Every structure is written in C-alpha cells, then in structure tokens.
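Dear colleague,

Please find below the structure that I am handing over to you. After it I describe what was found, beginning with a ligand and its surroundings.

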Amino acid sequence: MSAFSAIGERGEVEREEFTPGMEPQPTWCPGCGDFGVLKALKQAMPEVGRSPDEVLLCTGIGCSGKLNSYFESYGFHTIHGRSLPIARAAKLANPGLEVVAAGGDGDGYGIGGNHFVHTARENHDMTYIVFNNEIFGLTKGQTSPTSPKGHKSKTQPHGSAKSPIQPLSLSLTSGASYVARTAAVNPNQAKEIIVEAMEHDGFAHIDFLTQCPTWNKDARQYVPYIDVNESDDYDFDTTDRSEASEMMQKTEEALYEGEVLTGRFYVDSDRPSYGQEKRAIGEMPEEPLAERYFDEEYDWERSHDLFLDKHK
Ligand SMILES: Cc1ncc(C[n+]2csc(CCOP(=O)(O)OP(=O)(O)O)c2C)c(N)n1
Ligand code: SF4
Ligand SMILES: [Mg+2]
C-alpha cells in the first residue's frame, strides 16, 4: 500500500507517539500556557485517529512557533506570520493530510493578519490554533494586537493607545466556518475543541488563551473561566451567525473586564471548504499533486537523523 492510500485509514494511535525522540522536553518557561496547547493537542490525536505521518503542523515565529519541535509529525517552522499560506498550499497539494497551523497573537493577528482574513474567507480545510498571550513573548513582552488598551510594555511605556483586535468577531466576519476560544488552564475543554476543529471540514479557528508569566504579569491567568456552552447564563445557537456574533462581542469585551468566556461560538457544517469548491468546478486534480512527485523507492531520512550522524 502506498503512503498516500494509507492516509485516511483511521487506526489506533497513542498520544505518546506524538512525543519526538529528539527534544522531547519543551524549553518554554515554567508556568507558560504553551504547555497546555501541546498537552491538549497530543491528547486530541488518539481521538482524531491520525498517526504522526498523516499530520502536518505549520508554525509561525514566536515562543508558540516552537510547538512543532515538541510535536512528532511532519512540521514546517515557517517565517513570521506565514504559517497559513504554507499550510494552505500543503493541503491543496495533498488533501489527505491533516493540516494544523499554529502561532502567536502577534504572528497570526498582526504580521500575518492578512493571511488570517483570507484563509478564513476562502474556508481552507485546516485547524488554526492561535496562542493568545496578549503580547510578543519571544521578543520579550512588547505590545501585541490583543494587548488591552492602556497595557504598559517596553514599546508603550505610557500604555497602549490602541484598542485590541477582536479575533473571534474578525474570524466570523472573514468567513471561518468554525470559531472557538479555549484556555491553557482548561485542557479538557481544549482537547475536545481541538478534536472538533480537526474533524470539521473547513477553516476551524481556535483562539487559545495562553498565559505568559514571564513577560505579561498583568494578564489575568484566565481563571476562573466560564464555558459558554455549559453555563445557564448564556443561551445562544452556535449555528446561528447573528447569535454567535452577539455572543462573540460579549466575550471579547468581557475578557478585558476580567471575565473569561470560552467554548464553541460558531459552527457551520454546511459551507463547502475551498478544496470542495475547487473540486466542484473541476479544478482539483484526481491525483493529488504531492502523489505525482512521490517516489516509493526513495529512501527518506529525517533531517534530525542527518544532523545526529554529522555530530557523532
Ligand atoms: C519579519 C519578522 N519581523 C519580526 C520578527 C521578530 N519577532 C520574532 S517573534 C516576534 C513576535 C512573537 O509574538 P507572538 O506571535 O505573539 O508569539 P509568542 O512569542 O507570544 O508566542 C517578533 C516580532 C521576526 N522574527 N520576523
Ligand atoms: S516568554 Fe512567555 S510565552 Fe515565551 S516561553 Fe516564556 S512564559 Fe511562555
Ligand atoms: Mg504572543
């Protein structure tokens, strides 16, 4: 059986299979919310039933961008703000792959904001996880597009004069067909949301609240959080665009007033993904592009094996 025909056959997978042999222990600071994303992602994999060689994880630049060093799968650590165009191209070339893109709030909502809007608009079939710690973590705490107005940092010592972006509302208005927010302090909910997002056919955006105890000491640690789908205080239909939009606006305002609302906000299972649209107009090849160039006989070597051999 070729590597391509094997893709899509769901088998038993253990979460341990997603821990790489090289650099298994992340170098994030103690207490960093990024650990929560990694844990939830690994826990989601046995439920999704995809093995490491069926998954491509494209990351941006930032502390969050290191995710694919600590997650065993195909990986592409791209350039700042560019995880989405790489992920889109890979999914179109090889639709059988489970494609996940991930990066920070600066990466995805700032420098990569254009790609975020258009990937949502075109409804590319992938999961996009944005580690939202409300600052630029890797470069030592500068103000990001999600930092609250008045937030003081080295770049804005008198406090930010800008209002933060509203990522959930932006995602919905741009055209994402699945929009959720979860938090690193809530790994069980995070795992469930990642499973749903991966199983969703279309662009699934997860705004993942990740505390940065090193550079963002003013940020609330996102506890206690409220699950809007479980709480009796909130009643809205996740399939109704205008109800979801209203709930998102409430959620985005509440975050900066100290109330952390999480959960699924919008799910549209009917909207065709970009790949389906292209197939419908006869623009998707029968044989995936990637398969045309795949050589069964080629003896693949992992880049880290080459690195280890060199340094023996
Ligand atoms: C084109 C470009 N501009 C700027 C940088 C410097 N830089 C590296 S990471 C980063 C911000 C990271 O913030 P965020 O995306 O929120 O990720 P976090 O570190 O918080 O996870 C910046 C500005 C860069 N690497 N490339
Ligand atoms: S600087 Fe912040 S975001 Fe980066 S690893 Fe440390 S705690 Fe995490
Ligand atoms: Mg950040």
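Around ligand 1, two elements, α4 (105-111) and β5 (135-136), each contribute at least two residues to the shell. Please keep in mind throughout that this is a predicted model.

**The surroundings of ligand 1**

Which element gives the most to the shell around ligand 1? It is α4, with 4 residues. There are 16 residues around the ligand, and those that come nearest are Cys63, Ser64, Asp107, Gly137 and Leu138. Sorted by class, the shell around ligand 1 holds 8 polar, 6 nonpolar and 2 charged residues.

Some contacts can be followed atom by atom in the viewer. A polar backbone atom of Cys63 lies 2.8 Å from an oxygen atom of ligand 1. For Leu138, a polar backbone atom is again involved, at 2.9 Å from an oxygen atom of the ligand. In Asn133, by contrast, an N or O atom of the side chain is the partner, 3.0 Å from an oxygen atom of ligand 1. Ligand 1 taken alone exposes 590 Å², and the protein buries 72% of that area.

**The magnesium ion**

Asn133 appears a second time, at the magnesium ion (ligand 3). Which protein atoms are the donors of this ion? They are Asp105 (OD), Asn133 (OD1) and Ile135 (O), and they lie 2.1 to 2.2 Å from the magnesium ion. Along the sequence, these donor residues follow the spacing D-x27-N-x1-I. Asp105 belongs to helix α4, while Asn133 sits in the loop between β4 (126-132) and β5; this pair links distant parts of the chain, 28 residues apart.

Are Asp105 and Asn133 buried or exposed? Asp105 has a relative accessible area of 1%, so it is buried. Asn133 has a relative accessible area of 11% and is therefore buried as well. Both conclusions rest on the cut-off for a buried residue, which is under 20% relative accessible area.

**Salt bridges**

Side chains of opposite charge can pair when their charged atoms come close. In this model the count comes to 9 salt bridges.

One of them joins Asp207 and Arg181, whose closest N and O atoms are 2.8 Å apart. Asp207 is in strand β8 (residues 203-209) and Arg181 is in strand β7 (residues 178-183), so this salt bridge ties together parts that are 26 residues apart in sequence. Asp207 and Arg181 are both buried.

Another salt bridge brings together the side chains of Arg264 and Glu192, at 3.6 Å from N to O. Here, too, distant parts of the chain are linked: Arg264 is in strand β10 (residues 260-267) and Glu192 is in helix α7 (residues 187-199), 72 residues apart. How do the two partners compare in accessibility, buried or partly exposed? Arg264 counts as buried because its relative accessibility is 14%. Glu192, with a relative accessible area of 41%, is partly exposed.

A further salt bridge is formed by the side chains of Lys278 and Glu283, at 2.5 Å from N to O. Glu283 is partly exposed, as its relative accessible area is 46%. In addition, Arg88, Arg121 and Glu122 are joined into one network by salt bridges that share partners.

**Backbone features**

Three places in the backbone deserve a look.

- The peptide bond from Val223 to Pro224 is cis, with an omega near -5°. Pro224 is placed in the loop between β8 and β9 (225-227).
- Asn123 is not a glycine, yet its phi is positive, at about 55°. Asn123 occurs in the loop between α5 (113-122) and β4. Its relative accessible area is 0%, so Asn123 is buried.
- Lys140 also has a positive phi, near 85°, in a residue other than glycine. Lys140 is found in the loop between β5 and β6 (142-143). Because its relative accessibility is 47%, Lys140 counts as partly exposed.

When you open the structure, I suggest that you begin at Asn133, whose side chain offers a donor to the magnesium ion and also has an atom 3.0 Å from an oxygen atom of ligand 1.

Yours sincerely

Methods: Residues are numbered from 1 along each chain as its sequence is written. Chains are lettered from A and ligands numbered from 1 in the order in which they are written. This is a predicted model: local features need pLDDT of at least 70, side-chain atom pairs count only at pLDDT 80 or more; totals for chains, interfaces and linings use all residues. Side-chain values use heavy atoms; hydrogens and water are left out. A salt bridge is a side-chain nitrogen of Lys or Arg within 4 Å of a carboxyl oxygen of Asp or Glu. Buried means under 20% relative accessible area, exposed over 50%, partly exposed in between (1.4 Å probe, protein chains only). A residue is near a molecule or strand if one of its heavy atoms lies within 4 Å of it. A polar contact is a pair of N or O atoms within 3.5 Å; within protein, one must be able to donate a hydrogen and the other to accept it, and residues adjacent in sequence count only if both atoms are side-chain atoms. Accessible areas come from the Shrake-Rupley method with a 1.4 Å probe; for residues, only the protein chains shown count as cover. Ala, Val, Leu, Ile, Met, Phe, Trp, Tyr, Cys and Pro count as nonpolar, Asp, Glu, Lys and Arg as charged, and the others, Gly among them, as polar. Donors are N, O and S atoms within 2.8 Å of the metal (3.2 Å for Na, K and Ca); water is not among the atoms, so sites may look incomplete.
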